[in-house]
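Trainee: I would like a close look at one part of this protein: its largest nonpolar core. Which residues make it up, and what surrounds it?

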Amino acid sequence: MNARIAKTEYVLAGTSTTCLIHLDNGFIVSGFSACAKPKNYDQTVGERVSYDNAYRQLWGFFGFLLVENGTLRK
């Protein structure tokens, strides 16, 4: 899956972070994180959590492709 990631970008808005993972075929998945207390906001943590949330979505899509192209057998 990592080889299919073309770029990753982050959108920061206050104490919220959105991660956009762009795949090499133009498909984009997004993940989100938010901090309840502004004084506790840490951009590095926000980026990591939002990336992890977006990356988890890729498993379903790539699993579908593996089944679809016959890589995984029943």
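Mentor: Here is the core, set within the chain as a whole. Keep in mind that the model is predicted.

Start with the layout. The protein chain holds one helix and three strands. In sequence order the pattern is β-β-β-α.

Now the core itself. Nine residues form the largest nonpolar core: Ile5, Cys19, Ile21, Leu23, Val29, Ala54, Tyr55, Leu58 and Phe62. Two elements, β2 (16-23) and α1 (43-68), each supply at least two of these residues. The helix α1 is the top contributor, with four residues.

Look next at one member, Ile21. Leaving aside residues up to four places away in sequence, Ile21 touches Ile5, Lys7, Thr8, Phe27, Ile28, Val29, Tyr51, Ala54, Tyr55 and Leu58. Several of these partners are core members too, among them Ile5, Val29, Ala54, Tyr55 and Leu58.

Step back to the whole chain. Of its 74 residues, 23% are buried. Among contacts with a separation of 6 or more, 40% join residues 24 or more positions apart.

The overall form is worth a check. The radius of gyration is 15 Å, whereas a compact globule of 74 residues would have one near 11 Å. The C-alpha trace spans about 50 × 25 × 15 Å along its principal axes.

Finish on the outside. The chain exposes about 5,200 Å², and carbon and sulfur atoms supply 57% of that area. There are 8 positive and 6 negative side chains. The centres of these two sets lie 7 Å apart.

Key
Residues are numbered from 1 along each chain as its sequence is written. This is a predicted model: local features need pLDDT of at least 70, side-chain atom pairs count only at pLDDT 80 or more; totals for chains, interfaces and linings use all residues. Side-chain values use heavy atoms; hydrogens and water are left out. A nonpolar core is a set of buried Ala, Val, Leu, Ile, Met, Phe, Trp, Tyr and Cys residues joined through side-chain atoms within 4.5 Å. Buried means under 20% relative accessible area, exposed over 50%, partly exposed in between (1.4 Å probe, protein chains only). Contact means heavy atoms within 4.5 Å. The radius of gyration is taken over C-alpha atoms; the globule rule is 2.2 Å times the number of residues to the power 0.38. Accessible areas come from the Shrake-Rupley method with a 1.4 Å probe; for residues, only the protein chains shown count as cover. Lys and Arg count as positive and Asp and Glu as negative; His and the chain ends are not counted. The place of a charge is taken as NZ of Lys, CZ of Arg, CG of Asp or CD of Glu.
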